[in-house]
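Please examine the sequence and the model below before reading on. The account that follows moves from the sheet to a helix, then to the loops and the enclosed spaces.

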Amino acid sequence: MKCLYYTAPTLDSARRISDDLHAVGVRDSFLHVISRDEAGLEQRHIPSGNYLETLDLVRDGLIGSAIGLGAGLIGAALLKLFAPFGPNVPNIVYFATVAAATLFGAWEGGLTGIASENKKLAKFHDDIEAGRCLILIYALQEQEARVVRLMRARHPEAPLAAIDRHFINPFSAVRRRVDSPFPEGGFNLED
């Protein structure tokens with residue numbers, strides 16, 4: 001499954017695209033539109049993006065938990081080395097130290113992620129702020145070609161902006177499509 005990113009100029013265009021995608025079997029759970037105008041999305045019954053897509057909650061939470069794990073391991077090693085509570089401390093204390101630091105790191109990372117824009121969507125920040133809609137289509141392998149053909153034939157106003165080959169991985173980079181001198185069907189990406 002890949003995530004196809006399209007940019008539509010208006011909410012009305014996004015609504016027509018949504019209707020056409022529903023007609024070819026793309027369900028709401030595989031179609032999300034990100035726009036500055038959240039009320040407009042709701043009013044037109046367009047499936048909007050969720051917090052896991054628009055915020056960096058997962059990515060920063062994982063980073064925080066990794067940092068917390070490292071700090072917990074160092075803390076447990078220092079407790080074992082210096083033995084401030086004596087030599088007969090049960091192993092559960094060391095495990096609890098590592099677990100508490102990991103959970104605290106995940107919590108702090110999540111709080112940081114709630115305050116940050118998703119790194120994958122940052123490349124589209126200017127488009128969204130300018131009033132354009134970013135359409136995320138999670139296409140199954142057997143649907144991908146059909147979706148691309150539909151979008152190319154019926155919605156030339158919404159160009160393919162990027163393809164995310166690893167949509168589950170919050171650390172993968174989205175490569176944004178740039179205008180290219182390649183003939184129709186050519187695909188040039190930037191990092």
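The paragraphs below describe a predicted model.

The sheet offers a convenient starting point. It is open and consists of 5 strands in the order 2-3-1-4-5, with antiparallel pairing. Its edges are strand 2 and strand 5 (175–176), each of which pairs on one side only. Strands of a sheet pair through backbone hydrogen bonds, in either a parallel or an antiparallel arrangement. Strand 1 and strand 3 run antiparallel and are joined by 7 bridges; within this pairing, threonine 7 stands opposite leucine 134 of strand 3. Strand 3 also pairs with strand 2, in the antiparallel sense and over 4 bridges. There, isoleucine 135 of strand 3 is the bridge partner of valine 33.

Strand 2 deserves a closer look at its side chains. In a regular strand, side chains alternate between the two faces of the sheet. Leu31 and Val33 point one way from strand 2, whereas His32 and Ile34 point the other way, and all are buried. Just before this strand comes phenylalanine 30, which is placed in the loop between helix 1 and strand 2. Leaving aside residues up to four places away in sequence, phenylalanine 30 touches Met1, Leu136, Ile137 and Tyr138. Between phenylalanine 30 and alanine 161 there are 17 Å in space, C-alpha to C-alpha, and the two are 131 residues apart in sequence.

Helix 1 comprises 13 residues, 11–23. From its first C-alpha to its last, helix 1 reaches 18 Å, close to the 18 Å expected at 1.5 Å a residue. Which residues of helix 1 are buried? They are Leu11, Ser13, Ala14, Ile17, Ser18, Asp20 and Leu21. The cover over these buried residues includes strand 1 (2–8), strand 2 (31–34) and strand 3 (133–139), together with helix 2 (38–43) and helix 7 (141–154). After helix 1 comes glycine 25, with a positive phi near 100 degrees.

Positive phi values also occur at two residues that are not glycines. Histidine 45, in the loop between helix 2 and helix 3, has a phi of about 60 degrees. Histidine 45 is exposed, because its relative accessible area of 63% lies over the 50% cut-off. Alanine 83 is found in the loop between helix 4 and helix 5 (91–114), and its positive phi is about 45 degrees. Alanine 83 is partly exposed, with a relative accessible area of 30%.

Alanine 83 also leads to the interior spaces, as one of the residues that line the largest cavity. The count comes to 1 cavity of 30 Å³ or more, and the volume of the largest cavity is about 40 Å³. Its lining consists of Leu79, Ala83, Pro84, Phe85, Gly86, Val89, Val93 and Tyr94. By class, 7 of these lining residues are nonpolar, 1 is polar and none is charged.

The second largest pocket has a volume of about 330 Å³. It is lined by 18 residues, of which Leu52, Glu53, Asn118, Lys120 and Phe167 are the closest to its centre. Strand 1, helix 3 (51–54), helix 4 (57–82) and strand 3 each give two or more residues to the lining of this pocket. The lining of the second largest pocket has 11 nonpolar, 2 polar and 5 charged residues. Strand 1 and strand 3, which contribute to this lining, are also the strands joined by 7 bridges in the sheet.

Methods:
Residues are numbered from 1 along each chain as its sequence is written. This is a predicted model: local features need pLDDT of at least 70, side-chain atom pairs count only at pLDDT 80 or more; totals for chains, interfaces and linings use all residues. Side-chain values use heavy atoms; hydrogens and water are left out. The expected span of a helix is 1.5 Å times one less than its number of residues. Buried means under 20% relative accessible area, exposed over 50%, partly exposed in between (1.4 Å probe, protein chains only). Contact means heavy atoms within 4.5 Å. On a 1 Å grid over the protein atoms alone, a cavity is a set of points where a 1.4 Å probe fits but cannot get out, and a pocket is an open set with protein on both sides within 12 Å along at least five of seven lines; lining residues have an atom within 4 Å of a point. Grid points are joined across faces, edges and corners, and a volume is the space filled by probe spheres set on the points. Ala, Val, Leu, Ile, Met, Phe, Trp, Tyr, Cys and Pro count as nonpolar, Asp, Glu, Lys and Arg as charged, and the others, Gly among them, as polar. Two strands pair if DSSP finds at least two bridges between them.
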